[in-house]
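Please look over the charged pairs and the nonpolar surface of the model shown here, and consider how each charged side chain is placed with respect to solvent.

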Amino acid sequence: MAQASSARNSREHTKILVEGALCLALSIVLSKLNLFVMPQGGAVDCSLLPVMLFAYRHGVKWGLGAGALSGILRMIFGGYVYNPIQALLDYPLAFACTGLCAIAPKILGFILAFVCHAFFSILSGVLFFAEYAPEGQNVIIYSIVYNLPYLTLKYVISGILALIIWKSIQKILP
């Protein structure tokens with residue numbers, strides 16, 4: 001009896017891992033289809049969409065893991081690494097936040113994911129990219145003004161698409 005349950009759990013985990021791998025692959029492909037690219041890094045695209053859907057489907061734990069792996073893959077496939085701490089903030093930590101969209105009802109979770117992702121991006125900007133701030137401008141304000149517009153568009157576009165697609169997915173998947 002315990003073996004049957006263990007085998008069932010193993011099959012379920014395997015299905016989740018395969019689905020996660022497909023979502024990560026799609027996320028990387030979508031990250032290359034930019035609607036707009038920022039001059040010092042960052043872009044508006046729909047790459048958060050697969051991770052959001054995966055998190056909605058499998059929960060926060062799996063969503064955080066998929067988001068972190070998405071960030072690591074983005075770093076490997078063209079990310080900018082200035083410092084190991086900057087790499088950690090801009091990639092695995094920031095993108096892991098996407099998985100937080102599953103923590104609460106869709107809009108509240110979406111807002112939490114956005115705020116946390118923005119926090120890590122802004123912190124990285126303050127700590128590692130202050131030299132890009134115009135002379136005399138507060139680096140915190142500069143980092144906020146630089147990061148919030150494109151992150152807002154990225155989250156709004158991906159979030160709206162995720163909510164629309166999620167309604168269809170719920171009808172066809174168990």
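The report below turns to the salt bridges and then to a nonpolar surface patch.

**Salt bridges**

This is a predicted model, and the structure holds four salt bridges. Side chains of opposite charge can pair when their charged atoms come close. Three of the pairs are set out here with their N to O separations.

| Basic residue | Acidic residue | N to O distance |
|---|---|---|
| Lys15 | Glu12 | 3.8 Å |
| Arg57 | Glu19 | 3.0 Å |
| Lys154 | Asp45 | 3.2 Å |

The pair of Lys15 and Glu12, whose side chains meet at 3.8 Å, belongs to helix α1, which covers residues 2-31, and because the two residues are three positions apart there, about one helical turn separates them. Lys15 counts as exposed, having a relative accessibility of 54%, whereas Glu12, with a relative accessible area of 38%, is partly exposed.

Helix α1 also contributes a partner to a salt bridge that reaches beyond that helix, since Glu19 lies in α1 while Arg57 lies in helix α2 (residues 48-58). In this pair the closest N and O atoms are 3.0 Å apart, and the contact therefore ties together parts that are 38 residues apart in sequence. Arg57 is partly exposed, at a relative accessible area of 27%, and Glu19 is likewise classed as partly exposed, at 22% relative accessibility.

Where do the partners Lys154 and Asp45 lie? Lys154 is placed in helix α6, and Asp45 in the loop between β2 (43-44) and α2, so that their salt bridge ties together parts that are 109 residues apart in sequence. Asp45, Arg74 and Lys154 are joined into one network by salt bridges that share partners. Are Lys154 and Asp45 buried or exposed? Lys154 counts as buried because its relative accessibility is 3%, and Asp45 counts as buried as well, at 1% relative accessibility; the cut-off for this class is under 20% relative accessible area.

**Nonpolar surface patch**

Apart from the charged pairs, a nonpolar patch on the surface is formed by Val156, Ile160, Leu161, Ile164 and Ile165, which together have about 380 Å² of accessible area. One of these residues, Leu161, is located in helix α6, which spans residues 139-172. Leu161 counts as partly exposed because its relative accessibility is 32%, and the class of partly exposed residues lies between the limits of 20% and 50%. Helix α6 thus holds Leu161 of the nonpolar patch and also Lys154, the partner of Asp45.

Definitions and conventions. Residues are numbered from 1 along each chain as its sequence is written. This is a predicted model: local features need pLDDT of at least 70, side-chain atom pairs count only at pLDDT 80 or more; totals for chains, interfaces and linings use all residues. Side-chain values use heavy atoms; hydrogens and water are left out. Patches are made of residues with over 30% relative accessible area and no salt bridge: like charges are joined within 9 Å, nonpolar side chains (Val, Leu, Ile, Met, Phe, Trp, Tyr) within 5 Å. Accessible areas come from the Shrake-Rupley method with a 1.4 Å probe; for residues, only the protein chains shown count as cover. Helices (H or I, at least four residues) and strands (E, at least two) are DSSP runs, numbered from the N terminus. Buried means under 20% relative accessible area, exposed over 50%, partly exposed in between (1.4 Å probe, protein chains only).
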